[in-house]
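Look at the structure below with one topic in mind: an annotated binding site. What surrounds the residues that a database record lists there?

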Amino acid sequence: MGPGLVDCHCHLSAPDFAGDLDDVLEKAKKANIIALVAVAEHPGEFERIMQLSERYAGFILPCLGVHPIQGLSPENQRSVTLKDLDVALPIIENYKDRLLAIGEVGLDFSPRFAGTDEQKEEQRQVLIRQVQLARRLGLPLNVHSRSAGRKQNATLNFFLFGGGADQVLLHAFDGRPSVAMEGVRAGYFFSIPPSIIRSGQKQKLVKQLPLTSICLETDSPALGPEKQTRNEPCNIAISAEYIAQVKGIPVEEVIEVTTENVLKLFPRLRCLLQKELQTTRCKT
């Protein structure tokens, strides 16, 4: 059997999975997924993610961070504040030795959330502090990069021109391929969700990105192959198959290279998987 798949960005603490998470994870294992990187959006779900990472040790790997848009329900969503970060930081510090990355972090200048310069600046400050935190802890960043259709992607430009981070995963990047190639030159990785089959932008992106810069994700329960349908980690195979089709290469090669990319990006994951697969002893 060849290398397994890694879903490097999913929301397993989402209410959508509250009733049948065990079944969802069983389907993921049957789909040859060897690791799920669980990201947070707000401090209210930190403990749940850490509990899941304990219960499914070596399979669910935790990322804690503060997303640029806060709110437990769509009607209550708002731009992040420094107070949100103040709540999060002590919890992140408490779990720092068990984290795979800091995330999901980023910028989101969607006008309905961040319509003022003050809101955008506060988002930047929240992000800057989390970049500094990640650097201090030696952890990568799992990054949200929606910029409301702007010609230049605000998040990527932030990192390229002074963000100060070098281990970066840009998940579900929605900017132009030419902008993404700047990220490639900076050594960043881009993860591709199953929604690629219905997204012309992501199809163009994958055509240009080198395979050595691509990772796989589902962003479950969002960004599935069909709109308004719950996405699950097992759908990551759809991303792999579509990338293979676009690149004209075997899907096995896509799986092998993207999994190796994830291991480069998240060094702690390599140790965990080596233990799991008993290939080599984990070096401390």
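Two residues are in contact when heavy atoms of theirs lie within 4.5 Å. Keep that in mind for what follows. The model is predicted.

**The annotated pair.** An unreviewed UniProt entry lists His144 and His171 under "binding site". They are spread over 28 residues of sequence, yet they cluster in space, with a largest C-alpha distance of 5.8 Å.

| Residue | Strand | Relative accessibility | Side-chain polar contact |
|---|---|---|---|
| His144 | strand 7 (residues 141-144) | 6% | His67, 3.2 Å |
| His171 | strand 8 (residues 168-171) | 4% | Glu104, 3.1 Å |

**Buried or exposed?** Buried means under 20% relative accessible area. His144 has 6% relative accessibility, so it counts as buried. His171 has 4%, so it counts as buried too.

**Around His144.** Set aside the neighbours within four places in sequence. His144 then touches a run of residues that includes Glu104, Val105, Gly106, Leu107 and Asp108. Its contacts also include His67, Pro68 and Thr155. With His67 there is a polar contact between the side chains, at 3.2 Å.

**Around His171.** The contacts here, again without neighbours within four places in sequence, include His9, Ser191, Glu217 and Asp219. Asn142, Val143 and Ser145 are also among them. Glu104 is in contact with His171, and their side chains form a polar contact of 3.1 Å.

**Where the two lists meet.** Which listed residue does His144 contact? It contacts His171. Glu104 is in contact with His144 and with His171.

Technical notes
Residues are numbered from 1 along each chain as its sequence is written. This is a predicted model: local features need pLDDT of at least 70, side-chain atom pairs count only at pLDDT 80 or more; totals for chains, interfaces and linings use all residues. Side-chain values use heavy atoms; hydrogens and water are left out. UniProt positions are given in the numbering used here, feature names are shortened, and annotations may be inferred rather than shown by experiment. Helices (H or I, at least four residues) and strands (E, at least two) are DSSP runs, numbered from the N terminus. Buried means under 20% relative accessible area, exposed over 50%, partly exposed in between (1.4 Å probe, protein chains only). A polar contact is a pair of N or O atoms within 3.5 Å; within protein, one must be able to donate a hydrogen and the other to accept it, and residues adjacent in sequence count only if both atoms are side-chain atoms.
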